[in-house]
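Please work through the following exercises with the sequence and the model open side by side, and try each task before reading its solution.

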Amino acid sequence: MIQKILPLLGLAVWEEGSPAFNGSSGAVWGGADVVEYWSLDAGAAGVYGTADHSREYGGYTFYFKDLVNAEKFSDSPDDFIPTWGGFDAWSLSNENHWRADLMGPPCNPTDSWFIYNSSLYCTLSPYLRTLFLKSANVSIGIGNDKWIGFYGSLDAGPINNGCFQTTIAQCQAGNITFHNRNNSARTL
């Protein structure tokens, strides 16, 4: 059913195993290279990494396209972790059903990512990215307040390694769970 609705909303339908989706990997953002976004032009497609260049951090696995990006991440991981764990920025700041024990507004790290005020964000679609950016400062204030209320800090909370376009229904039902990143037991 969701596969029929997504195109009506202007959203691409990802098939598991396609280059733009690796949700089964368990990697953050389905394996998107969170370092590479910082060198991409706005609107460019996100780049996906591989398990060969992965790093563990806060109990999560991050994939990188090459060793250079993996090492950049290792040197300063908090500089690259997506804001609000990489969940949909528009939904988190504008919808009220997400909470600490039900997190998962899905995002599309392929074509709905953006950098704003030196922070990496993601939304479910380019349309929601546009809506978010129309009132970005207000949305960021609301989102920051919610995230801190949920997890106590902007540097705490879960990181999105399972809520994407193909898993919207499971995320909304709470069938995909995320652990709080452990700030005291991080391995790189």
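The exercises below concern a predicted model, and they go from the overall fold to single residues.

**Exercise 1. Describe the order of helices and strands along the chain, and state how many of each there are.**

Step 1: counting the elements gives six helices and four strands. Step 2: reading along the sequence, these elements follow the pattern α-β-β-α-α-β-β-α-α-α. Step 3: turning to contacts with a separation of 6 or more, 59% of them join residues 24 or more positions apart. Step 4: of the 188 residues in the chain, 49% are buried.

**Exercise 2. Work out which residues touch the most other members of the largest nonpolar core, and which elements give two or more residues to this core.**

Step 1: the core has 40 residues, and those touching the most other members are W29, V34, F62, F73, W84 and F132. Step 2: the elements giving two or more residues to this core are the strands β2 (60–64), β3 (113–116) and β4 (119–122), together with the helices α2 (67–75), α3 (89–94), α4, α5 and α6 (168–172). Step 3: the largest share, four residues, comes from α5. As background, nonpolar side chains tend to be buried together in soluble globular proteins.

**Exercise 3. Determine how helix α4 is oriented relative to helix α5, and which residues meet where they touch.**

Step 1: the axes of α4 (residues 126–134) and α5 (residues 136–151) come within 5 Å and cross at roughly 95 degrees. Step 2: because angles of 65 to 115 degrees count as roughly perpendicular, α4 is roughly perpendicular to α5. Step 3: on the α4 side F132, L133 and K134 take part, and they meet A136, S139 and I140 of α5. Step 4: sorted by class, this contact has four nonpolar residues, one polar and one charged.

**Exercise 4. Decide whether S139 is buried or exposed, and list what S139 touches beyond its sequence neighbours.**

Step 1: S139 lies in helix α5. Step 2: S139 has 3% relative accessibility and therefore counts as buried, since the cut-off for buried is under 20%. Step 3: leaving out residues up to four places away in sequence, S139 touches W84, S93, N94 and F132.

**Exercise 5. Find how many disulfides the structure has, and decide whether C107 and C122 are buried or exposed.**

Step 1: a search of the whole structure finds zero disulfides. Step 2: C107 counts as buried because its relative accessibility is 0%. Step 3: C122, at 1% relative accessibility, likewise counts as buried.

Notes. Residues numbered from 1 in each chain as written. Predicted model: local features only at pLDDT ≥ 70, side-chain atom pairs only at ≥ 80, totals over all residues. Heavy atoms only, no water. Disulfide = S-S within 2.5 Å. Buried < 20%, exposed > 50% of the residue type's maximum accessible area, 1.4 Å probe, protein only. Axes fitted to C-alpha atoms, helices over the stretch in contact; angles between N-to-C directions. Parallel < 35°, antiparallel > 145°, perpendicular 65-115°, else oblique. Contact = heavy atoms within 4.5 Å. Nonpolar A, V, L, I, M, F, W, Y, C, P; charged D, E, K, R; others polar. Core = buried A, V, L, I, M, F, W, Y, C linked by side-chain atoms within 4.5 Å.
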